[in-house]
Structures are given as C-alpha cells and as structure tokens.
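I sat down with a new structure today and kept short notes as I went. Come along and look over my shoulder.

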Amino acid sequence: MTDSQSTAEPAAPTPIPGKATPFAIADMVVEPGGCETIALPVSNTATGLPASLYVRVLHGQRPGPCIFVSAAIHGDEITGTAVIQRLLPKLDAQTMAGTVLFLPAVNIFGFQAHSRYLPDRRDLNRSFPGSAKGSLAAQLANTFLKEVICHCSLGIDIHSAAVHRYNLPQIRIAPDNAPLRELAMLFGAHAVIESPLRPGSLRDIARGEGVDMLLLEAGEALRFDELSVRCGVNGVLNVMAHLGMIQPHPEATQVTIPARSRRSIWVRAPRGGLCVLQQKSGDAVHKGDIIGRVAGIFGDDPEDIRAPIDGMIIGHAVLPVVNQGDALVHIAEVMRFGDVEQRVDQITDGLLNDRLLDEDELI
Ligand SMILES: [Zn+2]
C-alpha cells in the first residue's frame, strides 16, 4: 500500500481474482476449497426426533457454476447413491472450480424402508414445490427447493427403474432445449430421451426456477449395477469438465453418439403366467420380431410377445411372474436406427473398460 492510498476507513475486502467467495447454505458457510456435510432440517417424525436432508458441499477454490447431484428421491432407487459414493473420493475442492451439492439419499425415509415412497405414502417426485406447512413429502420437497435448487444452475437427478425392472442407462431431458440436449449427449449414457415433464416433479419445478435438469435412469431398484454406476460417475465428470469445473478425462477419445428418441412405448403381457424374454435392454428390434413368450404355469398356451415398432429396448421387466397387462419391455423409437445397437455396445465396452471409473482409482 502506498501513502496516497492510505485512509482512515477500513476498505471492504476485495475479492481475490480467480478465488471463489465463501458459500452460504442454510446457516452454514463453506470456505473456498472446503468440504462440509450439512443436515438441512426438514421436519419432526414419529420418533419425535428431527428429520434432515443431508447434503455434502464441495466448494471449489476457484469460482464456477453451482450444480447439484441427487439420488434416491424415490427411496428404493439407490443407483445414484453408489454413483455419489464413488465420485466423492475422485473430487478435490482444492483444485475444483465451482460448487457441487451431493445428496445421496434425498428421500431418507424411503431409503431406510427400501420403499419408493415416504411414510405418508406420497411420491416425493410428485410433491414439488411442496410447502413448509404441508405433508412430510411437501416439507421435504420445499426444503430441497429452498435450500438446494435455488443455489444451482444445473441439477443431475439419478433414478433407477422401479422394483423388478431394469433400465438401460439413459438421460431424460425436457424437449426442445438445445443447450440441455448438448449436455445430455456428452454425459455419455446409452440413450437420450426427450420426454414431457410431469407436473409436481423435480424437473418440472426446477424448470420454473430456471434450473436445467438432467435425469439419469439406470439399473434396477434396490440393486447396484456396475454398468449403471460407471455411467453415472462418468457422466457427472463429463458434465463437470464441460462446465470447466474439473480437468477433462485424460484418456477421453471420440465420444460415441448415444441413441436418441422422442417417443417410447411399453409392450404389455398378452396373458398372465411366466414370461421368458429373448431380448433385453440395449437390443435393437424390428417390428414383428419376437421379444419373448408368456405361458401358463404348466407351460400351456404360450403367447409370443412381438415388437410393435422398430426401436431399441431401453427397459425390461426382470420378474418372470406376470399378470396380463403387466409392462414387460420398454421400446424407444430411435433416430439413426441402422447402427444403434453397435453404438450402444461401444458405450458399454467403453464404460466397463475405463480403469479411471474403477472404485479406487483417483483421477
Ligand atoms: Zn425414480
């Protein structure tokens, strides 16, 4: 400081160029380069004890965007919990730009009970925006909205198929949003599905707040699936690198173009009985192809299940015991149908062979 600059008034602290300012969430402050686990108060449950929404904040040393990664909004869909567990040791707030809020078990009540729902039997993903004086689901949704979404410009919400079903890893996004489509494509999942937003869903309310959302659907409820977990880890890292928050994957090569779709249909059981599928998620099918067969418990009167359209299977039932009308196979009508199966196989091989996605490998 020179004499000419000296004054009696203490100067306000000047932000250091290239260094982030402290991050305030609820009544906590996280310093640049810091990492904190914060319990956001939600409600009071039957035990009489406080119930909280747990968030791990990684606040980078350098300024950048703020994003969130959430899992188990449906309490039994735990793929994202595994993704977050594997991501955390790979990230270092000291070298990172921007901020990530990780929420590994948003619906902690359903998570503990192995249930999609909350104890009040509501679906959290139909309860947004919620309210502080509403049901338990409404209070949880409201806390998520007020304390998490409001900080962020992008959210990555990770789901799996419902119980007894499997989903090929796929990103679902709002239709007709070109920048979001670009992010969805570089995430690196097997498919990108543009689908309408459901009222009361996290994606719906986030859009109202100006927050873009990538929804990853991958794997099966109540199970960990290595391909799905790797896809989630790789995707979050790809997005963070694209946003300049971390260095890109050192071995990143040409990214395979995922299957893209704007329309999908479920094929249902033509009769009750035992179902044997001959095709699985990731397979391309032509209209009229036999996908599987359902027969009675003595093997009687088998009925074929046939593909109603040309497309790729993006989800299938894994429980062979079916009632007539049960949803068995989810088929997406895809662009560039001709080589879709090869591209999807390439994505699988790339994920399973990438040693940087191994459990203990540091990037
Ligand atoms: Zn879900």
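Below are my entries, one topic at a time.

**Entry 1: what kind of model**
I reminded myself before anything else that this is a predicted model.

**Entry 2: the zinc ion**
Which protein atoms hold the zinc ion? I found His 74 (ND1), Glu 77, which is listed twice through OE, and His 159 (ND1). These donors lie 2.0 to 2.7 Å from the zinc ion.

I then looked at the angles. The four donor atoms subtend 52 to 146 degrees around the zinc ion, so I wrote the arrangement down as irregular. To count as tetrahedral, four donors would need all angles between 85 and 135 degrees.

Next came the sequence spacing of the donor residues, which reads H-x2-E-x81-H. I traced Glu 77 to the loop between strand S5 (62–71) and helix H1 (79–87), and His 159 to strand S7 (residues 154–159), so this pair ties together parts that are 82 residues apart in sequence. I also checked their surroundings: Glu 77 and His 159 are both buried.

**Entry 3: another stop in the S5–H1 loop**
The loop between S5 and H1 also holds Ala 72. Its phi is near 55 degrees, a positive value in a residue other than glycine. I noted this since most residues other than glycine have a negative phi. Is Ala 72 buried or exposed? Its relative accessibility is 0%, so Ala 72 counts as buried.

**Entry 4: a positive phi at Asp 176**
Asp 176 has a positive phi too, near 60 degrees, and is likewise a residue other than glycine. I located Asp 176 in the loop between strand S8 (165–173) and helix H4 (178–187). Here the relative accessibility is 59%, and because the cut-off for exposed is over 50%, Asp 176 counts as exposed.

**Entry 5: a cis peptide bond and a helix beside it**
I looked at the peptide bond from Phe 128 to Pro 129 and found it cis, with omega near 5 degrees. Most peptide bonds are trans. Pro 129 sits in the loop between helix H2 (108–113) and helix H3 (136–147).

What touches Asn 142, leaving out residues up to four places away in sequence? The list is Pro 129, Gly 130, Ser 131 and Ala 132, so I had met Pro 129 again, this time as a contact of a residue in helix H3. Asn 142 has a relative accessibility of 12% and therefore counts as buried.

**Entry 6: two helices crossing**
I turned to helix H6 (residues 226–242) and helix H7 (residues 340–353), whose axes come within 9 Å and cross at roughly 85 degrees. That crossing makes H6 roughly perpendicular to H7.

Which residues meet there? From H6 I listed Leu 227, Arg 230, Cys 231 and Asn 234, and from H7 Thr 348, Leu 351 and Leu 352. Sorted by character, the residues of this contact are four nonpolar, two polar and one charged.

**Entry 7: Gly 292**
My last stop was Gly 292, in strand S14 (residues 290–295). Gly 292 has a relative accessible area of 0%, which means buried. Not counting residues up to four places away in sequence, Gly 292 touches Val 276, Leu 277 and Gln 278, along with Glu 303, Asp 304 and Ile 305.

How far apart are Gly 292 and Arg 263? I noted 29 residues in sequence and 22 Å in space, C-alpha to C-alpha.

Notes: Residues are numbered from 1 along each chain as its sequence is written. This is a predicted model: local features need pLDDT of at least 70, side-chain atom pairs count only at pLDDT 80 or more; totals for chains, interfaces and linings use all residues. Side-chain values use heavy atoms; hydrogens and water are left out. Donors are N, O and S atoms within 2.8 Å of the metal (3.2 Å for Na, K and Ca); water is not among the atoms, so sites may look incomplete. Four donors count as tetrahedral if all angles lie between 85 and 135 degrees; four count as square planar and six as octahedral if opposite donors are over 155 degrees apart and all others between 65 and 115; anything else is irregular. Helices (H or I, at least four residues) and strands (E, at least two) are DSSP runs, numbered from the N terminus. Buried means under 20% relative accessible area, exposed over 50%, partly exposed in between (1.4 Å probe, protein chains only). Axes are lines fitted to C-alpha atoms, for helices over the stretch in contact, and angles run from 0 to 180 degrees between N-to-C directions. Angles under 35 degrees count as roughly parallel, over 145 as roughly antiparallel, 65 to 115 as roughly perpendicular and the rest as oblique. Contact means heavy atoms within 4.5 Å. Ala, Val, Leu, Ile, Met, Phe, Trp, Tyr, Cys and Pro count as nonpolar, Asp, Glu, Lys and Arg as charged, and the others, Gly among them, as polar.
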